[in-house]
Amino acid sequence: MDGLQASKCTDCDHHCPAGQQHIGCGLTAAGSCEACPIGQFKSTASTASCSPCGAGTFAESTGTITCDACEEHQYQDGTGMDECKFCNYHCPKGTQPCAA
């Protein structure tokens, strides 16, 4: 093999708890379960990766299992965010309307 040794590939299909995903797996590295990053969540234990919070929600800490909804007079038009925006009563088109 021209001086290169074949290495055994590591199985990267790891089952991680809710709020965690498997990171760092490749070649011979097993990787580990790590907390979902801020702005993302995973609600059940599985082999799936974390998902970004949807519009109208946020996750301000790591390891989140559900995203929090924006409170009254707030909105979030992006995904994967760590906080909501305060309404100036001229919310962008397509966002949750803010009550006056």
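A disulfide is counted here when a pair of cysteine sulfur atoms lies within 2.5 Å. In chemical terms, a disulfide is a covalent bond between the sulfur atoms of two cysteines. The structure holds four disulfides. It is a predicted model, in which local features need pLDDT of at least 70 and side-chain atom pairs count only at pLDDT 80 or more, while totals for chains, interfaces and linings use all residues. Residues are numbered from 1 along each chain as its sequence is written, and side-chain values use heavy atoms, with hydrogens and water left out.

Three of these links can be followed along the chain, beginning with the one between C36 and C50. Their sulfur atoms are 1.9 Å apart, and the link is left-handed, with -80° about the S-S bond. C36 sits in the loop between β2 (32-35) and β3, and C50 in the loop between β3 and β4, so the disulfide ties together parts that are 14 residues apart in sequence. The strands named here (E, at least two residues) are DSSP runs, as are helices (H or I, at least four residues), and both are numbered from the N terminus. C36 and C50 are both buried, where buried means under 20% relative accessible area, exposed means over 50%, and partly exposed covers the range in between (1.4 Å probe, protein chains only).

Next comes the disulfide of C53 and C67, with 2.0 Å between the sulfur atoms. The link of C53 and C67 is left-handed, at -80° about the S-S bond. This pair links distant parts of the chain, 14 residues apart: C53 belongs to the loop between β4 and β5 (57-58), and C67 to the loop between β5 and β6 (68-69). C53 is buried, because its relative accessible area is 1%.

C70 and C84 are also joined by a disulfide, with their sulfur atoms 2.0 Å apart. The torsion about the S-S bond of C70 and C84 is about -85°, so this disulfide is left-handed. Again distant parts of the chain are linked, 14 residues apart, with C70 in the loop between β6 and β7 (74-75) and C84 in the loop between β7 and β8. C70 and C84 are buried.

Now to a residue in β8 itself. K85 lies in this strand, which spans residues 85-86. K85 has a relative accessible area of 34%, so it is partly exposed. Its side chain makes a polar contact with the side chain of D77 at 2.7 Å; such a contact is a pair of N or O atoms within 3.5 Å, and within protein one must be able to donate a hydrogen and the other to accept it, with residues adjacent in sequence counting only if both atoms are side-chain atoms. Beyond its neighbours within four places in sequence, K85 is in contact (heavy atoms within 4.5 Å) with H73, Q74, Y75, Q76 and D77. Between the C-alpha atoms of K85 and G56, 29 residues apart along the chain, the separation is 9.7 Å.

Another meeting of chain segments involves S46 and H15. S46 is found in the loop between β3 (40-41) and β4 (51-52), whereas H15 has its place in the segment before β1 (20-23). S46 counts as buried because its relative accessibility is 16%, while H15 counts as exposed because its value is 56%. Not counting residues up to four places away in sequence, S46 touches H14, H15 and C16. On the same basis of leaving aside neighbours within four places, H15 is in contact with C33, A45, S46 and T47. The C-alpha atoms of H15 and C33, 18 residues apart along the chain, are separated by 8.3 Å. In addition, a polar atom of the S46 side chain lies 3.1 Å from the backbone nitrogen of A48.
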